[in-house]
Amino acid sequence: TLLKANINTIFGNIEDIYNFHSKIFLGELERCSETSHVGGVFCTNISNFQMYATYCKNKPRSENFLSTTDVSFLAQCQRDINHVLDLRSYLLKPVQRIMKYHLILEKLLKYAPSRNAKRRDELQEALEIMERVPRYANDIIHLMGLEGYNGDFESLGQLLLQENFQVYINGQRNPPLVRSSCFSSLYSSANQRLPKPTLAKFLYRPPSTAIRVTCCLPKLE
């Protein structure tokens, strides 16, 4: 069936996330003798949390598939097991979870004993890690919407900044809104196109030294 053929598109790597939490992360947390030890568990599993970025990268594809495909079979399954939430709501759970970890770590750091500098440092490091992971996942999603670029994003180096800017060129009035991405080895910009159902699209514009940019202002929300 169409659903079975697209199971990886629908679920992404959610099974990897489940296995990490059930077989590794949960056990390590349960073995913590004090809550202040939790930071060390996050720090040692930093590479495993990158799978959330992979999941978030696939999420727009999953949403697009479920919104454009006949999912009456899934709706029937929901009724049969008497679940209030549909599949799309459950698939959102990993995204919501990765956004909450830093809030928990903030609380733990706030109440961690000041006498144990090592544990506080671990909690601080864990907090910084879990603040970066959601930002990185969000950046990856936006990079997926970049059309017209056929290269490998990983070859551009670390993504340092990605934001909407109003770009004033040689005193131009009514400056255009430009989506700018600054990598460690390249600066690129893109003109925004009309958004599709679940993923905004941007048209890649190669870097140019011919245009003199006098100033850039962040877009005001």
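Student: Why are both Lys 59 and Glu 63 called buried?

Tutor: Buried means under 20% relative accessible area, exposed means over 50%, and partly exposed is in between (1.4 Å probe, protein chains only). Glu 63 comes out at 16%, so it counts as buried. By the way, this is a predicted model, where local features need pLDDT of at least 70, side-chain atom pairs count only at pLDDT 80 or more, and totals for chains, interfaces and linings use all residues. Residues are numbered from 1 along each chain as its sequence is written, and side-chain values use heavy atoms, leaving out hydrogens and water.

Student: What makes Lys 59 and Glu 63 a salt bridge?

Tutor: You need a side-chain nitrogen of Lys or Arg within 4 Å of a carboxyl oxygen of Asp or Glu. Here the N to O distance is 2.6 Å, so the pair fits that definition.

Student: Why are Lys 59 and Glu 63 separated by about one helical turn?

Tutor: Because they sit four residues apart in helix H5 (residues 50–68). A helix here is a DSSP run (H or I, at least four residues), numbered from the N terminus.

Student: Which residue does Arg 88 form a salt bridge with?

Tutor: Glu 63, with the closest N and O atoms 2.9 Å apart. That pair links distant parts of the chain, as Arg 88 is in helix H7 (residues 87–91) and Glu 63 in helix H5, 25 residues apart.

Student: Why does Arg 119 count as partly exposed, but Glu 122 as buried?

Tutor: Arg 119 has 21% relative accessibility, so it lands in the in-between range. Glu 122 has 17%, so it falls under the cut-off for buried.

Technical notes
Helices (H or I, at least four residues) and strands (E, at least two) are DSSP runs, numbered from the N terminus.
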